[in-house]
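Here are a few short exercises to work through with the model open beside you. Try each task before reading its solution.

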Amino acid sequence: MPTKKKTAKRKKAVNPALRQLEQLRKTAKMLRVKLERETRARKIEARIKSEAQKARAVLASQIAALREQGRKLATDLKSALGDASKRDAARQQAIAKISELRAEYTKKSAQLRSELSRTTAELARKSEELRKLAGESAHRAVEIIRGQEHHAAPEAGASPEPHKEAPPVETAGGRYEKEPDEEQ
């Protein structure tokens with residue numbers, strides 16, 4: 001066996017180039033594996049970078065759309081608030097106008113009521129005067145007619161039956177009317 005040991009040493013000693021070649025192969029294999037890993041990592045990084053850029057672009061467009069929508073909502077809100085304040089001002093004006101019209105209506109209706117009351121009282125007074133005047137006029141007419149009949153009766157002279165006058169008939173209006181005999 002000692003001979004084998006020597007042979008083994010000899011091979012190692014004899015072939016340092018082989019040993020160096022083996023080391024170079026190991027180093028090349030390690031470098032190849034390392035290079036493949038780096039290549040894969042760079043590909044993954046490049047893919048991640050491109051996906052990140054795409055996501056950033058999508059996110060930027062969404063942010064821009066949201067900003068635009070926010071601006072639009074803000075203008076809508078401002079216009080709605082403006083409209084609400086305009087409506088509130090119009091409502092306040094309408095309330096003021098209604099209260100003004102109510103006051104005017106109350107004043108005018110009070111005036112019209114007093115005028116109506118005054119006119120009604122005046123009409124009642126004039127109606128009473130007219131009723132009295134009509135009554136007096138009817139009495140005078142009856143007296144005039146009676147006076148003419150008395151004067152006419154003695155002139156006719158020989159009337160076998162004296163003409164009797166019926167008393168005047170009072171109507172609902174307070175006027176006296178002649179009976180059918182007296183009208184002729």
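A salt bridge here is a side-chain nitrogen of Lys or Arg within 4 Å of a carboxyl oxygen of Asp or Glu. You're looking at a predicted model, so local features need pLDDT of at least 70, side-chain atom pairs count only at pLDDT 80 or more, and totals for chains, interfaces and linings use all residues. Residues are numbered from 1 along each chain as its sequence is written, and side-chain values use heavy atoms, with hydrogens and water left out.

**Exercise 1. Find out which element of the chain has the highest mean pLDDT and which the lowest.**

Step 1: get the scale straight. pLDDT is the predictor's confidence in each residue, from 0 to 100. The chain averages 81, and 74% of the residues score at least 70.

Step 2: go element by element. Helices (H or I, at least four residues) and strands (E, at least two) are DSSP runs, numbered from the N terminus. Helix H2, residues 16-156, comes out highest with a mean of 91, while helix H3, residues 180-183, is lowest at 46.

Step 3: check the weak stretches. Over residues 158-164 the pLDDT is below 50, and that stretch has 1 contact (heavy atoms within 4.5 Å) beyond near neighbours in sequence. Residues 179-184 also stay under 50, and there the model has 6 contacts beyond four places in sequence.

**Exercise 2. Work out how the side chains of Glu-100 and Lys-97 meet, and how far apart the two residues are in helix H2.**

Step 1: look at the atoms. The pair forms a salt bridge, at 3.8 Å from N to O; a search of the whole structure finds 10 salt bridges.

Step 2: count along the helix. Glu-100 and Lys-97 sit 3 residues apart in helix H2, so about one helical turn separates them.

Step 3: check accessibility (buried is under 20% relative accessible area, exposed over 50%, partly exposed in between, with a 1.4 Å probe and protein chains only). Glu-100 has 45% and is partly exposed; Lys-97, at 43%, is partly exposed too.

**Exercise 3. Do the same for Glu-129 with Arg-125, then for Glu-36 with Arg-40.**

Step 1: Glu-129 and Arg-125 make a salt bridge at 2.7 Å, N to O. They're 4 residues apart in helix H2, about one helical turn.

Step 2: both partners are partly exposed, Glu-129 at 40% and Arg-125 at 44%.

Step 3: in the Glu-36 to Arg-40 salt bridge, the closest N and O atoms are 4.0 Å apart. Both residues lie in helix H2, 4 residues apart, or about one turn. Glu-36 is partly exposed, with 40% relative accessibility.
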